[in-house]
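Visitor: I am new to this structure and should like to understand the terms applied to it. Please set each value against its definition.

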Amino acid sequence: MNRTGDLYMNRIAFAVKSALGLIMLAPPVLVHAAAAPDTNLDEIVVTGIRKSEEQSLATKRASSELVEVVSAEDIGKMPDKNVADSLARLPGVTTSSAGANEGGFDENDRVSMRGTNPSLTQTLINGHGVAAGDWFVLDQVTQVGRSVSYTLLPSELVSQVVVHKSSNASLVEGGVAGSIDIITRKPLDFSKPFTLEASAGAVYARLPSKTDGQYSALGNYKNDANNFGVMLQLFSETRHLRRDGVEILGYEQFKPDSAVAIAHPDLANVYYPKEIGAALFEQRRQRNGGLLDIEFKPTDDLTLDLSGFHSKLSAANYNRNYLMWSTHFVNTGAGQGPDPGYTVTNGTLTSANFTGVPGTLYGVYDQISRPDETATAGFVNFDANWQATERLSFLGQVGTSQGSGKTPTQDVSETNPGNGTGAGYTLQGLGSAPNFNIGATNNTTPTPGGIPVTFGWIFGAQNVDVEDRETWAKIDSDFKIQDSSWTDLKFGARYEKHARTSGNALAQGPTAAGQSTAAYPTTFSNYPSNFNTFGGSIPTNIWYWTPAQLAAYNSPANVNRDPLAREYYQYLFQVREKNSAAYVQADFKGTNWAANIGVRYVHTQEDVVTYTQVDASTPGATLTAVAFSSGCQLA
């Protein structure tokens, strides 16, 4: 269970728009021989939500496949602040507020279809791929799919989003479950020579008690001949997050041959929570970037378009989790068993107490500050659209995209509260959070009874820098068929290279001085008094050190960050992919029906390098440093 805080948004928009007339009601007046008013209307222009709905329906009707469409209400305005929020309302589309491992937040982040993993859904911008990074360190080193973080794609950029639910030959390969194509605005799409729009908003987050600004601006120019235009769009958005959580970090089983299961046969293969914690997460997100688009029509039949996009998310965060450490003191039945009176429900140990054993550690407390985590996404793309004849058209496209996810620093403390104190917990189903305790431990201070809390470790990967790159070239052709039901013959080819690499990471560890409690900071703070327990009885008013104190605690005197001796090979990898594709597709359409048939040939070449620890005598092993007794080999 977690809570990110209630958000309240007020938006003030400034724009150059047409004036609206006001209709005033007045009492009737009798006149003689009055001329009949002219009721003929030359033109009615529909804008806003009605126009958006018409555009979406028109796109769906024109398609020969199963699609869903979301269109912007007006310039730079989507139905929701986040593109993924809008997509969540479409049937068959699901969203999640996290990439994988970082927990849920107040803003949707990933999109998937039919309940599949987000990595099976491809995200495109104007028909081409986009490389993107992840801000959370575990996502940075584990995500190698087609999934894209929507936190890098503000809704102000969008003209239309087309969700392809079915596969067809003309779609870019890679979307196993489906594809999402984000269409941006083009300079020559605007009706007036000059368009200016700026918006300013404020987001208030109740839990962190912060108000942050949300700003965007758009400027567009096109000449009177309507054959040249330039559009520039900029955005800057900041928000503070706080998430209170009572977390169960997985389950494990009592092994049937363990001492505990032999003594208590009813516990064999029974599940129990590995860890239960009171977690406090705080983050400041700042998203800045923009889109530049230059469009030129040298002839009526040829349109050239050059676009560039960049977005950077700075995501400094601080996570604290005060945990009952049952995976340590139970140890799948090799450790301590529960006291008499425990409860097993449907194969799970739902309530148990553990009497304290001197020297046994019943708690673990992790404090992890990541002051400079970032994610970026960007691309440069060139399109050429040529109407060769009345029936034959070509679209050529070349471009490159680059994204990154970086975690330069993790300042960490791990301590072990509850030395010999015992522990206990009760799971309460979905109605409320579980109860848990670490015996009679005083969790309000790092020096209960004047004795410093037991040192655990100093961990945390440093210098994580994951790069994602993609380049492409393609040509699509469309030949109109003059037949009552056969409408189009499409054919084309595409070449693409994609690479995702993590070539630099180290795992810090404590020095001898860092393992001494004398290195602890001398002052501390406590969890907020309004920390949400979600109905559970859990430790509250927990002490913590500030990010600045953790940075000082993780000083060179206390931690070893040698880039060779502490190289973290588990986070190093290289994925390189080359794709070649060609297709042909026929589209058919009639009254209340549409269909297509086609074939796409795809050839994919992949080279993957990962690292694993082996004995130094293993053939092909590479010794990395004297700090490791074994080496690494390519897998």
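Visitor: How do you know that Arg 494 and Glu 470 are buried or exposed?
Guide: Both Arg 494 and Glu 470 are buried; that word means under 20% relative accessible area, whereas exposed means over 50% and partly exposed lies in between (1.4 Å probe, protein chains only). The model is a predicted one, in which local features need pLDDT of at least 70, side-chain atom pairs count only at pLDDT 80 or more, and totals for chains, interfaces and linings use all residues. Residues are numbered from 1 along each chain as its sequence is written, and side-chain values use heavy atoms, with hydrogens and water left out.

Visitor: What makes the pair Arg 494 and Glu 470 a salt bridge?
Guide: A salt bridge requires a side-chain nitrogen of Lys or Arg within 4 Å of a carboxyl oxygen of Asp or Glu. The N to O value here is 3.9 Å, so the pair qualifies under that cut-off. It links distant parts of the chain, with Arg 494 in strand E28 (residues 486-502) and Glu 470 in strand E27 (residues 464-480), 24 residues apart. Strands are DSSP runs (E, at least two residues), numbered from the N terminus.

Visitor: Why is Lys 186 called buried?
Guide: Lys 186 has a relative accessible area of 14%, which is under 20%, and therefore it counts as buried. Its salt bridge partner is Asp 305, with the closest N and O atoms 3.1 Å apart. Asp 305, at 4% relative accessibility, is buried as well.

Visitor: Which side chain of opposite charge is nearest to Glu 252, and why is there no salt bridge?
Guide: The nearest is Lys 274, 4.7 Å away. Lys and Arg count as positive and Asp and Glu as negative, while His and the chain ends are not counted. Because a salt bridge must lie within 4 Å, the value of 4.7 Å does not meet the definition. Glu 252 is nevertheless buried, and is found in strand E13 (residues 251-253).

Visitor: What makes the link between Glu 252 and Tyr 272 a polar contact?
Guide: A polar contact is a pair of N or O atoms within 3.5 Å; within protein, one must be able to donate a hydrogen and the other to accept it, and residues adjacent in sequence count only if both atoms are side-chain atoms. The side chains of Glu 252 and Tyr 272 meet at 2.6 Å, so their distance satisfies the limit. Another polar contact, of 2.9 Å, joins the side chains of Glu 252 and Thr 327.

Note on methods
Helix = DSSP H or I, 4+ residues; strand = E, 2+ residues; numbered from the N terminus.
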